[in-house]
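Welcome! Let us walk through this structure together, from the whole chain down to a single residue.

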Amino acid sequence: QSYCREWDKLEANVAQKELTLLEYRELLKKKAAKQSMTRAEKSKAEKHKELIEYVLIRQEFIAPTFLPVISEAFLRDDFNFALYLSHALGGVLGFVFNLSTTSLVTAVINISIWAAITDHISYIWNTVIVFGVNVALILALWAISAKFKNIQGHLVAPVDYSINLPGIFA
């Protein structure tokens, strides 16, 4: 739900994209000149960067540039992209966390097997196994997170350079 609130905030600020871009350029010029930035300026630059990335993703969704133009069947500019993302996220989470009867029975069987195993091994081995499983899970989640960030890096245009996008920010 925090993602949805953040997307709603970004969607509300889409109308101010030109002002945001100008302010972001000024902050980047200051950074490029190696002038020290205050904490508030760094925070403002990060918020501007997030809004610009959101606007770029939104614009690519509304009027894709990677598809050949056959007809003018694009979405309207007042399309609520945040609401769409919220519904899509809900669908994905519903699919990922779909707990069927089979899933629940499998979980109960796994818990029972784990309990039977831990009853027959020493406390030290139990601690080692639990620690090892947790470390393995953390490493797996870290690898998945790195993969998602890599995918996001390919989907989101970088905005750390001098931006000149007259088609979107006009």
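Among contacts in the protein chain between residues at least 6 apart in sequence, those joining residues at least 24 apart make up 67%. Keep in mind as you look around that the model is predicted.

What is the chain built from? It contains six helices and zero strands, so the order of elements, read from the N terminus, is α-α-α-α-α-α. The protein chain has 170 residues, and 20% of them count as buried. Its accessible surface comes to about 13100 Å², and carbon and sulfur atoms account for 66% of that area.

Now let us see how some of these helices meet. Two packed helices are described by the angle between their axes and the distance between the axes. A good place to begin is helix H1, which covers residues 2–12. The axes of H1 and H3 come within 10 Å and cross at roughly 85°. An angle from 65 to 115 degrees counts as roughly perpendicular, and H1 and H3 are therefore roughly perpendicular to each other. On the H1 side, the residues that meet H3 are Glu-6, Trp-7, Leu-10 and Glu-11; on the H3 side, their partners are Glu-50, Leu-51, Tyr-54 and Arg-58. Sorted by class, this contact of H1 with H3 holds four nonpolar and four charged residues, with no polar ones.

Please stay with helix H3, which spans residues 39–62, and turn to helix H4, made of residues 81–96. These two helices pack at an angle of about 85°, and their axes lie 11 Å apart. H3 and H4 are therefore roughly perpendicular to each other. From H3, the contact draws on Tyr-54, Ile-57, Arg-58 and Phe-61, while H4 brings Phe-81, Ala-82, Tyr-84 and Leu-85. What classes of residue make up the contact of H3 with H4? Seven are nonpolar, one is charged and none is polar. If you are tracing the residues by eye, look for Tyr-54 and Arg-58 of H3: they take part in the contact with H1 and in the contact with H4.

Finally, let us pick out one residue of H3. His-48 has its place in this helix. Is His-48 buried or exposed? With a relative accessible area of 10%, His-48 is buried, because buried means under 20%. Leaving aside residues up to four places away in sequence, His-48 touches Thr-20, Glu-23, Tyr-24 and Leu-27.

Technical notes
Residues numbered from 1 in each chain as written. Predicted model: local features only at pLDDT ≥ 70, side-chain atom pairs only at ≥ 80, totals over all residues. Heavy atoms only, no water. Axes fitted to C-alpha atoms, helices over the stretch in contact; angles between N-to-C directions. Helix = DSSP H or I, 4+ residues; strand = E, 2+ residues; numbered from the N terminus. Parallel < 35°, antiparallel > 145°, perpendicular 65-115°, else oblique. Contact = heavy atoms within 4.5 Å. Nonpolar A, V, L, I, M, F, W, Y, C, P; charged D, E, K, R; others polar. Buried < 20%, exposed > 50% of the residue type's maximum accessible area, 1.4 Å probe, protein only. Areas by Shrake-Rupley, 256 points an atom, 1.4 Å probe, with all protein chains shown as cover.
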